[in-house]
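Dear colleague,

Please find below the sequence and the structure that I am handing over to you. My notes on what was found follow directly after them.

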Amino acid sequence: MTQKDFSTYLQKSCHLDRQQCALLLNAVGRQMAKAGVEQIPVTLPGLGTFTSHKHPEYLEEDPATGRQTLYPPRITYRMQGEEEGAGRDWLDGQLAETTKTPVEEANHFVSSLAKGILTILARGEEVEVKGIGTFRTINSNQGEIQRVAYTPDEQMKELVNAPFNCFEPVTIYQK
């Protein structure tokens, strides 16, 4: 399902106009990225817990040329099985604060977002959420849903790695 179709689906399920739905959806993506930078786990209820892992800078040597390149740190963002309560209150609070929405409405929106993704996945469709990523199911041989797979989109990758965007790989030794 495309971003536009998913937004329409979410608008109807939350009884929001297009502008308010887009504001909340964009804010969820930004807050999830902020959590990724700060390494705060965030749970979308029923869907999973999003976590980040910081990979330190590393030195790579080309054995043929002896050239050594220093690569900057990076953060990977992923979803795993749901961890009870991890980051749920944090996300609701941040969403409410940044969008000037009551916490109860922010909570309802986050719950509806997760339920919407799961509903569409149950139909056998992929769900693309701009600023967050793509969700799809991994099925067993019997066709049952084994788990939900998540791939962060480019915007999420860039936001999570924003602290390191000013660094480039640097050649520190070359014969």
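A salt bridge is a side-chain nitrogen of Lys or Arg within 4 Å of a carboxyl oxygen of Asp or Glu. For charge, Lys and Arg count as positive and Asp and Glu as negative, while His and the chain ends are not counted. A residue is called buried under 20% relative accessible area, exposed over 50%, and partly exposed in between (1.4 Å probe, protein chains only).

This is a predicted model, in which local features need pLDDT of at least 70 and side-chain atom pairs count only at pLDDT 80 or more, whereas totals for chains, interfaces and linings use all residues. Residues are numbered from 1 along each chain as its sequence is written, and side-chain values use heavy atoms, with hydrogens and water left out.

**A buried charge**

Asp153 sits in the loop between strand 8 (145-152) and helix 5 (154-160); helices (H or I, at least four residues) and strands (E, at least two) are DSSP runs, numbered from the N terminus. Which side chain of opposite charge is nearest to Asp153? That side chain is Lys130, 7.7 Å away, and Asp153 is buried yet has no salt bridge. A polar atom of the Asp153 side chain does lie 2.9 Å from the backbone nitrogen of Met156. Leaving aside neighbours within four places in sequence, Asp153 is in contact (heavy atoms within 4.5 Å) with Val129, Lys130, Gly131, Ile132 and Gly133.

Lys130 also appears in another relation: its C-alpha is 9.1 Å from that of Thr2, although 128 residues separate the two in sequence. Thr2 belongs to the segment before helix 1 and is partly exposed, at 42% relative accessibility.

**Aromatic pairs**

A pair of aromatic rings is described by the distance of the centres and the angle of the planes. Rings of Phe, Tyr and Trp (its six-membered ring) pair if their centres lie within 6.5 Å; planes under 30 degrees apart count as stacked, over 60 as edge-to-face and the rest as tilted. The structure holds seven such pairs. The rings of Phe6 and Tyr9 are stacked, because their centres are 6.4 Å apart and their planes stand at 20 degrees. Both residues lie in helix 1 (residues 3-14), three residues apart, which is about one turn of the helix. Phe6 is buried, with a relative accessible area of 0%, whereas Tyr9 is partly exposed at 24%.

Tyr58 and Tyr71 also form a stacked pair, because their ring centres are 5.0 Å apart and their planes are at 15 degrees. Tyr58 lies in strand 3 (residues 58-61) and Tyr71 in strand 4 (residues 68-71), so this pair ties together parts that are 13 residues apart in sequence. Ring pairs further link Phe50, Tyr77, Phe135 and Tyr150 into a cluster.

**The nonpolar core**

A nonpolar core is a set of buried Ala, Val, Leu, Ile, Met, Phe, Trp, Tyr and Cys residues joined through side-chain atoms within 4.5 Å. The largest has 38 residues, of which Met32, Phe109, Leu113, Ile117 and Phe135 touch the most other members.

**Positive phi values**

Most residues other than glycine have a negative phi. His15, in the loop between helix 1 and helix 2 (18-38), has a positive phi near 55 degrees and is exposed at 71% relative accessible area. For Lys100, phi is likewise positive, near 55 degrees; Lys100 is found in the loop between helix 3 (88-99) and helix 4 (103-122).

Yours sincerely

Notes: A polar contact is a pair of N or O atoms within 3.5 Å; within protein, one must be able to donate a hydrogen and the other to accept it, and residues adjacent in sequence count only if both atoms are side-chain atoms.
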